[in-house]
Amino acid sequence: MPHTPHDFLDEARRAIPEVSVEAVAARRTHGDEVVLLDVREHEEVRTGFIEGAITIPRGFLEFRAAEYLPQTDTDIVVYCASGARSLLAAQVLRAMGYTRVASMAGGITRWKEAGYPVVRDRQLSAEQLERYSRHFLLHQLGEKGQGKLLDAKVLLVGAGGLGSPVALYLAAAGIGTLGIVDADVVDRSNLQRQVLHTTDRVGMRKTESAVMTIHALNPDVQVHAYPERLTVDNVMALFQDYDVIVDGSDNFPTRYLVNDGAVLVGKPVVHGSIFQFEGQVSVFKPHEGPCYRCLYPTPPPPGLVPSRSEVGVLGVLPGVIGVIQATETIKLIIGQGEPLVGRLLMYDALAMRFREIRIRRDPDCPLCGAHPTITALLNYEEFCGLDTAALATIGA
Ligand SMILES: [Zn+2]
């Protein structure tokens with residue numbers, strides 16, 4: 001005669017200790033290092049789960065346990081809806097070598113009956129569940145991380161070479177609000193690298209073209225277009241409204257303005273710059289790592305600053321650097337991984353080589369040092385030794 005479900009459960013009950021919901025709650029209150037593992041299906045988890053629980057549906061347990069629970073001596077309490085699937089799941093974990101596994105008797109149903117709280121991830125639409133499904137399979141991101149992306153507000157300074165890949169990938173990833181500052185119009189010579197724009201939009205404002213491309217890609221994204229130059233008059237109000245600033249500017253006055261404004265309002269800047277075949281990326285997080293001025297206290301003399309129209313740039317180069325900027329932005333928002341704070345990543349396309357240098361906060365930095373001398377915004381054209389007429393030639 002085949003085994004009945006009861007036979008399997010009886011066998012599991014003999015092998016696996018069961019703990020009450022009260023005991024689990026008490027252990028959490030005491031700050032015990034216990035991992036709660038929810039083995040229900042995603043649709044069930046969506047209706048509510050115990051805060052901090054790891055989710056691996058029962059059917060994926062054998063495949064994902066090692067990734068989520070790398071230590072076999074981790075103290076694990078498994079739960080499901082009623083306490084049956086969790087017993088069987090715990091038995092599987094035991095067979096996989098986990099030594100400290102228990103099952104929560106009565107499951108989350110009993111947990112709720114006892115009046116303990118459950119949390120719910122942001123409720124996503126059916127379309128969003130499908131669109132972002134590959135994100136949900138990453139436990140570092142999941143529905144919780146996707147919720148953070150949808151709630152995030154990112155400001156892109158520039159919709160040119162760097163801003164294009166950043167905007168495309170952040171929009172695709174489901175960043176809820178993208179602000180784009182750019183005063184330029186699309187020029188045919190931009191199209192070799194500025195992949196947000198298209199041939200039929202030559203002469204259109206770059207912000208308008210960006211809105212069209214982003215909406216076509218992902219209607220979830222709210223785009224705020226600022227068809228203006230970033231200036232000392234608008235920078236503070238603009239930065240105030242956003243969580244992360246992505247610097248895709250291509251001139252020194254704007255770069256120092258972005259840096260100073262961001263430090264003064266306390267917002268992180270994902271910095272990128274490109275020159276011919278080389279690029280560099282870093283994350284300037286105010287007071288946690290260096291700022292741009294810690295690296296470059298003053299700009300190079302104006303005679304040494306060529307304008308983009310005089311210097312070539314390999315079309316794919318901003319693609320590489322911009323995608324790294326987008327990656328760092330997403331990491332900052334979901335709070336995962338090791339950000340490029342205090343590290344300058346340098347890329348040489350011809351040699352196809354990445355190099356990383358440690359960069360430190362300068363205690364004497366005039367902006368973020370111990371005794372700052374810059375406490376308000378400056379005249380950046382003057383600071384960089386440029387007059388406004390010369391600036392006009394430094395387009396994207
Ligand atoms: Zn600094």
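**Exercise 1. Classify the exposure of Phe383 and its ring partners.**

Let's start with Phe383: at 26% relative accessibility, this residue counts as partly exposed. The cut-offs are under 20% relative accessible area for buried, over 50% for exposed, and partly exposed in between (1.4 Å probe, protein chains only). Tyr380, at 3%, is buried, and Tyr256 is buried too, with a relative accessible area of 0%.

A word on the source: this is a predicted model, where local features need pLDDT of at least 70 and side-chain atom pairs count only at pLDDT 80 or more, while totals for chains, interfaces and linings use all residues. Residues are numbered from 1 along each chain as its sequence is written, and side-chain values use heavy atoms, leaving out hydrogens and water.

**Exercise 2. Work out how the rings around Phe383 are arranged.**

Step 1: recall the rule. Rings of Phe, Tyr and Trp (its six-membered ring) pair if their centres lie within 6.5 Å; planes under 30 degrees apart are stacked, over 60 edge-to-face, and the rest tilted.

Step 2: count. The structure holds 7 aromatic pairs. One of them joins Tyr256 and Phe383, edge-to-face, at 5.1 Å centre to centre and 75 degrees between the planes. This pair links distant parts of the chain, since Tyr256 is in helix H13 (residues 252–265) and Phe383 in helix H16 (residues 380–383), 127 residues apart. Helices (H or I, at least four residues) and strands (E, at least two) are DSSP runs, numbered from the N terminus.

Step 3: look within H16. Tyr380 and Phe383 both lie in this helix, 3 residues apart, about one turn. Their ring centres are 6.5 Å apart with planes at 75 degrees, so this pair is edge-to-face.

Step 4: put the rings together. Ring pairs link Tyr256, Phe284, Tyr292, Tyr296, Tyr380 and Phe383 into a cluster.

**Exercise 3. Trace the open sheet from edge to edge.**

Step 1: read the order. The sheet has 5 strands, S1-S5-S4-S2-S3, with parallel pairing. Two strands pair if DSSP finds at least two bridges between them.

Step 2: find the edges. Strand S1 (18–19) and strand S3 (54–55) are the edge strands, each pairing on one side only.

Step 3: zoom in on one pairing. Strand S2 (residues 35–38) runs parallel to strand S4 (residues 76–79), and 4 bridges join them. Here Asp38 stands opposite Tyr79 in S4.
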